[in-house]
Amino acid sequence: MGSALAEVLRDRGFEVITTLTGRSPRSTEYCERSGVAARKCLADVVSQADVIISTVTPDAAVAVASQVRREAARLDASLIYVDANSVSPQTIGRIADEFQDSNIQFVDAAIHGLASRLKTQGTIFASGSAAGVVSELFGTDVRVRILGGEPGNASLMKMTLGGMSKGIIGLFLQSSLLAQHVGMADEFCDELGHYYPDVLNFVERSLPTFGQHAARRAAEMRELEASLSVAGLPTGMAVELSRLFSALNESDMAAVCGRGVQPMSLKKLIELLSESRLSVITDRLAATVV
Ligand SMILES: NC(=O)c1ccc[n+]([C@@H]2O[C@H](COP(=O)([O-])OP(=O)(O)OC[C@H]3O[C@@H](n4cnc5c(N)ncnc54)[C@H](OP(=O)(O)O)[C@@H]3O)[C@@H](O)[C@H]2O)c1
């Protein structure tokens with residue numbers, strides 16, 4: 001996602017920098033491909049950037065914010081920090097606390113939609129008093145929706161939309177694998193297309209992307225669980241979705257679908273998912289109520 005955002009920003013005339021210290025060769029490759037200039041260390045980024053956008057893995061969001069706060073304090077730097085990770089409003093609260101009494105203005109942002117379709121189908125939600133900077137940066141090249149002055153609103157929107165889209169996939173997997181179990185997967189897909197064509201269309205586009213994104217989506221479902229728990233709402237659905245996506249990640253679905261998010265016939269995918277080498281998923285589903 002970082003490189004997709006960087007490409008849009010560079011096209012709009014902004015200089016985009018990062019640091020690759022501690023990063024894998026994959027990140028270096030993405031940076032080179034999207035024309036992002038690498039600085040030697042985080043201190044160089046903090047001293048040179050007007051705006052820092054954090055797109056790391058959800059479980060690294062707080063640690064990265066904390067590193068930036070420490071460097072900014074040491075260098076007496078003023079900047080805007082945008083957390084664009086898929087984290088819960090509670091995690092956003094912890095990040096906002098990091099920046100209290102600092103020279104850093106904090107924006108909660110959350111991205112809905114795949115990186116590969118950022119410009120055509122993505123939305124960046126933003127909230128917090130400096131949220132307007134996201135509109136200034138992305139203009140009309142990416143859909144931006146400002147959700148008020150409170151950090152947490154953008155992340156909550158992402159959690160709710162994410163719960164919907166991932167819940168549909170969980171429900172589809174459970175139903176289709178049951179149909180496959182009795183040899184009726186084809187008939188099930190036909191009927192799904194007859195009664196719920198939009199759902200079938202969405203599943204066909206989304207399910208193959210789990211080969212690449214299952215681990216990240218499992219982490220997102222843990223963040224959704226935290227949000228539901230704080231609101232006093234039942235967490236069971238989020239818990240089971242997180243387990244299910246972890247199982248997909250442990251399976252060889254990535255090898256089957258490829259990391260490049262290749263489109264694949266749904267019927268073929270169901271067939272593959274129900275084969276014994278992917279039985280970790282079916283076993284897990286047997287114990288799952290989504
Ligand atoms: N991809 C999407 O379509 C999409 C859609 C909506 C939202 N998002 C959100 O965008 C964020 C990034 O997602 P992604 O798909 O781009 O993930 P990704 O492909 O796994 O990339 C994560 C990047 O963060 C780096 N990173 C991990 N831990 C770090 C740390 N402690 N300090 C600094 N950098 C660290 C990784 O570096 P190394 O791996 O090299 O160590 C990698 O470059 C996530 O919060 C995700 O939920 C992504």
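**Notebook: the ligand and a helix pair**

I began at the ligand and found one of its oxygen atoms 2.8 Å from a polar backbone atom of Met1. I keep in mind that this is a predicted model.

I then looked up side chains that approach the ligand, and noted that Arg26 places a polar side-chain atom 3.0 Å from a ligand oxygen, while an N or O atom in the side chain of Arg216 is 3.3 Å from an oxygen atom of the ligand. On its own the ligand would expose 900 Å², and I recorded that the protein buries 79% of that area.

Next I turned to the shell: 21 residues surround the ligand, and the closest are Met1, Arg23, Ser24, Ser27 and Ser86. Sorting the shell by class, I got 8 nonpolar, 8 polar and 5 charged residues. Helices α2 (25-33) and α11 (210-230) each give at least two residues to the shell, and the largest share, 3 residues, comes from α11.

Leaving the ligand, I asked myself at what angle α8 and α10 pack. Helix α8, residues 153-181, meets helix α10, residues 197-206, at about 95°, and their axes are 10 Å apart. Because angles from 65 to 115 degrees count as roughly perpendicular, I entered α8 as roughly perpendicular to α10.

I also listed who makes this contact: from α8 they are Ser165, Ile168, Ile169 and Phe172, and from α10 they are Val199, Phe202, Val203 and Ser206. By class, I noted 6 nonpolar and 2 polar residues in the contact of α8 with α10, with no charged residue among them.

How values were computed
Residues are numbered from 1 along each chain as its sequence is written. This is a predicted model: local features need pLDDT of at least 70, side-chain atom pairs count only at pLDDT 80 or more; totals for chains, interfaces and linings use all residues. Side-chain values use heavy atoms; hydrogens and water are left out. Axes are lines fitted to C-alpha atoms, for helices over the stretch in contact, and angles run from 0 to 180 degrees between N-to-C directions. Helices (H or I, at least four residues) and strands (E, at least two) are DSSP runs, numbered from the N terminus. Angles under 35 degrees count as roughly parallel, over 145 as roughly antiparallel, 65 to 115 as roughly perpendicular and the rest as oblique. Contact means heavy atoms within 4.5 Å. Ala, Val, Leu, Ile, Met, Phe, Trp, Tyr, Cys and Pro count as nonpolar, Asp, Glu, Lys and Arg as charged, and the others, Gly among them, as polar. A residue is near a molecule or strand if one of its heavy atoms lies within 4 Å of it. A polar contact is a pair of N or O atoms within 3.5 Å; within protein, one must be able to donate a hydrogen and the other to accept it, and residues adjacent in sequence count only if both atoms are side-chain atoms. Accessible areas come from the Shrake-Rupley method with a 1.4 Å probe; for residues, only the protein chains shown count as cover.
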